Amino acid sequence: MEKIRKYSSLAVMILSLALIGACGGSSSTNPFDGSSGGGVEFTNEYSSPSELGVGDIMYVNFGGSSSATIDFSGVDSSAKFVLVVGSANEGGSAVSMSLSSDLAAPVEKALSAEAAVDEEYSAEEIMSAWLRAAEQDLAVTEPVPEAAVSAVKSMSAAKAVSMGQVETFRVLSNLSSTSTFTMIDASVRCIGSSVIFYVDTDPRINSNVLSDSDIQSLCSEFDDVASREQQLLGETSDVDGDGKVAILMTKQINMLGGYAGGIITGFFWAGDLYDVSSSNPASNHREIIYTMVPDPAGTFGTTVTRDFALNSLLPAVLPHELQHAINYNQHVFVDGTPPETNWLNEGMSHLAEDIMGYGQENPSRYALYLSNPSNAGVVTLRQPNLYERGASYLFLRYLYEQAASGDTFVRNLEQSGLTGVENVEASFAGGSGFSMFHEFLARWTVALAMTDEGITADSRFIYRDRVKDSATGHWEGVCLSCEADDGRGTVLTGVAKSTYHGSASATVAASGATFYDIQSVPGHITVGGGSGGANFGVLMRQY
């Protein structure tokens with residue numbers, strides 16, 4: 001996906017909108033001993049490197065602006081370690097970290113946040129930023145549709161829909177406006193129990209681009225997904241009373257991506273749930289997921305082959321956008337709370353792709369994060385970019401696997417009435433003896449360092465082996481060192497580590513971490529962090 005830089009100053013303002021508070025602060029709590037609300041004792045957690053066997057861990061406390069010294073006395077010279085230093089701040093500024101020891105060697109500087117391509121966003125991210133920010137306003141300014149609060153979906157008030165019927169839709173026509181739209185005619189091409197598929201009537205979208213069998217296949221798959229996803233997470237709203245979610249496949253979505261030299265695969269926009277008004281002129285007053293159409297000739301925008309669209313992009317975008325629809329309904333209409341914070345909303349959508357058996361697009365996202373973990377935090381105060389989406393997906397997937405019931409955890413996230421970090425903590429609590437964000441983050445970084453490295457088989461500190469979904473044929477779960485088999489040729493080589501030679505410095509994003517290979521055992525390492533940081537460190541013996 002091609003990248004674009006800044007658009008208007010207003011677009012940049014939306015991208016950097018602080019939708020959650022930066023509560024951060026320092027913490028000296030050991031994230032492995034359950035002392036912040038859990039009760040699990042870990043027998044493989046030690047206080048000295050000399051006690052560590054392969055796969056054992058040691059917590060390093062240097063919260064705030066303090067420092068901590070790790071004494072390697074008595075450690076075999078052949079031992080190899082991985083050291084993680086991170087910031088558990090819940091958003092906000094990056095934190096400066098430093099390491100020093102008695103090894104006489106050149107300084108190796110880890111990748112820093114200043115070096116990140118942090119102002120570049122894809123066309124889809126620009127669009128998502130506007131939509132999610134505008135939804136925050138909708139939840140405050142627009143009256144809740146009467147039909148949205150109905151406890152049971154009903155088709156009693158819905159007009160009859162028949163195959164081939166043509167309807168006219170308002171479709172957004174600008175990446176940075178939710179009031180500019182164009183009119184699109186689309187015909188009913190499939191009616192399922194949970195979804196209705198509409199396809200743009202433009203004659204250029206012919207059977208060579210999108211055949212009847214293609215549409216039926218997508219419709220059948222997503223009809224099943226829509227039912228399962230709503231059973232798992234909660235229902236969408238039903239403002240038009242037809243009991244279904246409309247899928248509108250139109251060239252206009254290709255054109256939106258093309259305006260930015262990239263691709264937009266699809267989107268959900270909560271403005272469609274409200275009445276048409278002067279402040280909300282583009283509403284269709286129904287639940288709609290908009291998607292692109294295959295465009296092998298690049299007629300409408302960026303070239304997208306038929307096979308890639310039908311096998312990779314479209315099957316994944318549908319469960320992704322359905323999560324946004326469910327999330328908005330559950331938070332705003334059902335619970336009467338603000339929409340979910342952007343980082344968690346997007347992370348949940350990527351996780352939904354995976355759980356529903358269509359996670360093939362996730363490896364290319366989290367490969368970006370793994371290549372430079374210090375620059376991307378889990379929690380962002382703006383619309384997350386692809387690096388940060390990869391981080392939030394990996395984080396939530398780890399908690400999904402660690403929870404006493406992963407399904408209960410994700411359902412709680414949708415239906416708790418809370419948002420952001422507070423939602424994650426409340427939704428997970430009681431799962432595995434740890435319940436605070438800094439605990440989640442520290443344990444997750446251990447899993448990033450240990451998974452697929454042959455260091456440990458301890459399920460608390462690694463991801464489960466990924467498995468192929470028997471129905472979809474796609475992989476579910478996480479592989480950190482493998483060929484992703486995602487149709488993109490993505491090869492994963494684990495989380496990036498800097499080799500420690502005696503001293504190092506790094507700028508670590510809030511809720512991010514940086515990783516070091518310690519190949520030569522020093523006498524000591526002193527670790528320090530910038531003031532105001534909820535800093536943590538974890539030492540793991542690798543060999």
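Mentor: Two strands count as paired if DSSP finds at least two bridges between them. Helices (H or I, at least four residues) and strands (E, at least two) are DSSP runs, numbered from the N terminus. This is a predicted model, in which local features need pLDDT of at least 70 and side-chain atom pairs count only at pLDDT 80 or more, while totals for chains, interfaces and linings use all residues. Residues are numbered from 1 along each chain as its sequence is written, and side-chain values use heavy atoms, with hydrogens and water left out.

Trainee: How many bridges join β5 to β18, and how do the two strands run?

Mentor: β18 covers residues 503-508, and one bridge pair in it is Ser 96 with Thr 507. The two strands run antiparallel, and the number of bridges joining them is six.

Trainee: In β20, which residue is the bridge partner of Ser 98?

Mentor: β20 (residues 524-529) runs antiparallel to β5 and is joined to β5 by five bridges. Within β20, the partner of Ser 98 is Gly 528.

Trainee: Which side chains of β5 point to one face and are buried?

Mentor: Buried means under 20% relative accessible area, exposed over 50%, and partly exposed in between (1.4 Å probe, protein chains only). Side chains alternate along β5, residues 95-101, and Ser 96, Ser 98 and Ser 100 point to the face that is not buried. The buried face has Val 95, Met 97, Leu 99 and Ser 101.

Trainee: Which strands stand at the edges of the open sheet?

Mentor: Six strands form this open sheet with mixed pairing, in the order β7-β8-β9-β10-β12-β11. An edge strand has a single partner, so one of its sides is left without a neighbour in the sheet; the strands in that position are β7 (166-172) and β11 (266-268).

Trainee: What does the twist average from one strand to the next?

Mentor: Angles run from 0 to 180 degrees between N-to-C directions, and axes are lines fitted to C-alpha atoms, for helices over the stretch in contact. From each strand to the next, the average twist is 30°.

Trainee: Which residue in β8 is the bridge partner of Phe 169?

Mentor: Seven bridges join β7 to β8 (residues 181-191), and the two run antiparallel. Val 171 stands opposite Thr 182 in β8. For Phe 169, the partner in β8 is Ile 184.

Trainee: Through how many residues does the hairpin join β8 to β9?

Mentor: β8 and β9 run antiparallel and are joined by five bridges, one of the pairs being Cys 190 with Phe 197. The hairpin passes from β8 to β9 through a number of residues equal to three.

Trainee: At about what angle does helix α3 run to β9?

Mentor: Contact means heavy atoms within 4.5 Å. Helix α3 (residues 212-233) lies across β8, β9 (195-200), β10 (245-249) and β12 (288-291), and its angle to β9 is about 145°.

Trainee: Which strands does helix α4 touch?

Mentor: Helix α4, residues 251-259, packs on the sheet with its direction at about 15° to that of β7. The strands touched by α4 are β7, β8, β9, β11 and β12.

Trainee: Which helices do the buried residues of α10 pack against?

Mentor: Seven of the nine residues of α10 (residues 420-428) are buried, so this helix is largely enclosed by the rest of the structure. Among them are Val 421, Val 424 and Phe 428. They pack against α5 (306-334), α6 (342-355), α8 (386-402), α9 (406-415) and α11 (437-450).

Trainee: How many salt bridges does the structure hold?

Mentor: A salt bridge is a side-chain nitrogen of Lys or Arg within 4 Å of a carboxyl oxygen of Asp or Glu. One network of them links Asp 200, Asp 202, Arg 204 and Lys 251. The total for the structure is 19.

Trainee: How many residues apart are Arg 286 and Glu 167?

Mentor: Arg 286 and Glu 167 form a salt bridge, with their closest N and O atoms 2.9 Å apart. Arg 286 is in the loop between β11 and β12 and Glu 167 is in strand β7, and their separation along the chain is 119 residues.

Trainee: Is Asp 214 buried or exposed, and what is its relative accessible area?

Mentor: Asp 214 meets Arg 306 in a salt bridge (2.8 Å, N to O). The pair links helix α3, which holds Asp 214, with helix α5, which holds Arg 306. Arg 306 counts as partly exposed at 28% relative accessibility. Asp 214 is buried, with a relative accessible area of 10%.
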